[in-house]
Amino acid sequence: MSVRTRVAPSPTGTPHLGTAYIALFNKAYAEQQGGDFILRIEDSDAARSSKQSETDILDALKWLDLSWDEGPDIGGSYGPYRISERLRIYEAHANELIQSGGAFRCFCSQERLDDLRREQQRRSETPKYDGHCLALSASEIQRRMDAGESHVVRLRVPETGDCTFTDQIRGEISIPWQQIDMQVLVKSDGFPTYHLCATVDDHLMGITHILRGEEWISSCPKHVLIYDYFGWQFQELFHLPLLRNTDQSKMSKRKNPTGINYYRDRGYLPEALLNYLATMGWSMPDEREQFSYAQFTENLDLIRISPRGPVFDIEKLDWLNGCYIRDLSNDEFQTRVVSWAGNSERVEKIVSMLQERTERFDQVLPQVEYLLGDRKPIDKEDLAHTSLSEEDVLKILDFATRTLESASTWRSDEIGVALRQTAEICGYKVRDFVAPLFVALSGRKVALPLFDSIEVLGLELTRARFRSAIEILGGISNKKLKKLDKEWTTLTQT
């Protein structure tokens, strides 16, 4: 049996470091075993998925040299490789599950489901569907369908017993069926959910080994159940440990840069970043810390992966990246620096900002240092503003970040429109709103145009600098964050 592994990113945002981490282990294992590595696009969330996000993900993985043998851009014998292009396949399998009793149609309204959830939470129970529509007769189901009633398709889950499966890293795992929700497999708009798509695609594409993050362990019983209903053989499972911050919390964009493009734009070498990701939960037999992708592939032993969450330490990555840089010849170093700094698109944007503001060429570098390197250090006093309280500045930094994260395009004019609108709905004057953003981004009270600077730096670097400024002000507690979440929802939905 030929080994086939896969990575299945969702095109709903910027390329995530976790995607590269999972792709690395899947690709290396497939290569080691003489098999194939497949890239699949899980665009089951039609509202949030975008072609631009998909392109960014593919480009980021290519930058890391994590190429694939089959995928949406190169095709393959098991395509198509996007969920949105396989809808008839899922529809057929959902109908088959309904016919066999493995799934059922649910007509419950959202109001009933909300009431059910609140009651379960009041009783300190795990919120889940109560099987209300399981008892509907075939004639009743047909009558309601003929009447055009909105409904979903749910997975039928046993009421008693346990689901037992083997994770090759953690051993045998048992989860009571009572803890498993009757998952929606097909939404009311007819679009399938991830759980149906992933299981069907893994089987039809001949995936033999599933290497994914440990957050999917709790979903395994649903996937096992679907496989059992179809009579399929389940794959070998390896749940890789989650990347963690230094405080052991799950690595997230609110505490650490998580975007692949952040590390690319900061000037990390792709081979150094791959090397560091390979040490997350795994180590070379001789414990050396610097090794090539080829050496990693040769020595990879999945059973030696530790289930403990590895800490992603940027200082350690800096050290390792420095080792790689010092190993370059002078010519190679020059080529890499020019390639990084001389990105033609970025240079063009910077030049367009500079020309009207420059009288001598020796004035160029002082103006653009924060666009090509780190901004200078800042403190609370730098972020202070006569018309804004510290709480205001924190809110502005947080809301500006949210605004940029939801941007559909990354052009300075549209960035400007979006941030001005945010200032307006929050009740701030635009000049007050942008003042702390200038400082957070550039380390200066006055700099090159803000919106142009944001476009040049990109989302990942901009977000990291705004987040750094928030931490300088003491951070945002969970209580404050909940308050901001509520205020943001209210402001953006009115």
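Student: Which ring does the charged end of Arg154 sit over?

Tutor: In this predicted model, the charged end of Arg154 is placed over the ring of Tyr129, 4.0 Å from the ring centre. A second case involves Arg4, which lies over the face of Tyr78 at 4.1 Å from the ring centre.

Student: How many aromatic pairs does a search of the whole structure find?

Tutor: The search returns 16 aromatic pairs. One of them joins Tyr262 and Tyr263 in an edge-to-face arrangement, with 4.9 Å between centres and 85° between planes. The label follows from the angle, because planes over 60 degrees apart count as edge-to-face.

Student: Are Tyr262 and Tyr263 buried or exposed?

Tutor: Buried means under 20% relative accessible area. Tyr262 has 7% relative accessibility, so it counts as buried. Tyr263 is at 0%, so it is buried too.

Student: Which residues form one aromatic cluster?

Tutor: Tyr21, Phe25, Trp282, Phe291 and Phe296 make up one such cluster. Trp282 also appears in the lining of the second largest pocket, among the residues that lie nearest its centre.

Student: What is the volume of the second largest pocket, and how many residues line it?

Tutor: The volume is about 360 Å³. The lining has 19 residues, and those nearest the centre are Thr279, Met280, Gly281, Trp282 and Ser283. Helices α9 and α11 each supply at least two lining residues, and α11 gives the most, with 3 residues.

Student: How many residues of α9 are buried?

Tutor: Helix α9 covers residues 270-278, and 8 of its 9 residues are buried. The buried ones are Pro270, Ala272, Leu273, Leu274, Asn275, Tyr276, Leu277 and Ala278.

Student: Why do residues three or four places apart in an α-helix point the same way?

Tutor: An α-helix has 3.6 residues a turn, so residues at that spacing point the same way. For α9, the next thing to read is the list of partners. Its buried residues pack against α1 (17-32), α2 (51-63), α8 (260-266), α10 (293-299), α11 (314-327) and α12 (330-341).

Student: How many residues of α6 are buried, and what do they pack against?

Tutor: In α6, 9 of the 11 residues are buried, and the helix is mostly covered. The buried set is Tyr194, His195, Leu196, Cys197, Ala198, Thr199, Val200, Asp201 and Asp202. These residues pack against β1 (4-7), α3 (87-100), β7 (184-186), β8 and α7. After the helix comes Gly206, with a positive phi near 70°.

Student: Where is Thr193, and what does its side chain reach?

Tutor: Thr193 is in the loop between β7 and α6. Its relative accessible area is 12%, so Thr193 is buried. The side chain of Thr193 reaches the backbone oxygen of Val184 at 2.7 Å. Leaving out residues up to four places away in sequence, Thr193 touches Ser44, Gln183, Val184, Leu185 and Lys187.

Student: How many cavities of 30 Å³ or more are there, and which residues line the largest?

Tutor: The count is 1 cavity of 30 Å³ or more, and the largest cavity has a volume of about 30 Å³. The lining consists of Arg6, Thr199, Asp202, Ile210, Arg212, His223, Tyr227, Phe234 and Gln235. At least two lining residues come from each of α6 (194-204), β8 and α7 (220-230).

Student: What does His209 touch, and is it buried or exposed?

Tutor: His209 lies in β8, which covers residues 209-213. With a relative accessible area of 9%, His209 is buried. Apart from residues up to four places away in sequence, His209 touches Val3, Arg4, Thr5, Asn26, Tyr29, Gln235, Glu236 and Phe238. Its side chain also makes a polar contact of 2.7 Å with the side chain of Thr208. Separation can be read in two ways: His209 and Ile226 are 17 residues apart in sequence and 17 Å apart in space, C-alpha to C-alpha.

Student: What does the side chain of Ser453 reach?

Tutor: The side chain of Ser453 reaches the backbone oxygen of Pro449 at 2.8 Å. Ser453 is in helix α19, residues 450-472. At 1% relative accessibility, Ser453 is buried. Its contacts, not counting residues up to four places away in sequence, are Met353, Tyr370, Leu371, Leu441 and Leu448. The C-alpha atoms of Ser453 and Tyr29 are 41 Å apart, with these positions 424 residues apart along the chain.

Key
Residues numbered from 1 in each chain as written. Predicted model: local features only at pLDDT ≥ 70, side-chain atom pairs only at ≥ 80, totals over all residues. Heavy atoms only, no water. Phe/Tyr/Trp six-rings, centres within 6.5 Å; stacked < 30°, edge-to-face > 60°. Buried < 20%, exposed > 50% of the residue type's maximum accessible area, 1.4 Å probe, protein only. Lys NZ or Arg CZ within 6 Å of the ring centre and 35° of its normal. Helix = DSSP H or I, 4+ residues; strand = E, 2+ residues; numbered from the N terminus. Contact = heavy atoms within 4.5 Å. Polar contact = N/O pair within 3.5 Å; in protein donor to acceptor, adjacent residues only side chain to side chain. 1 Å grid on protein atoms, 1.4 Å probe; cavity = no way out; pocket = protein on both sides within 12 Å on 5 of 7 lines; lining within 4 Å. Points joined across faces, edges and corners; volume = space filled by probe spheres on them.
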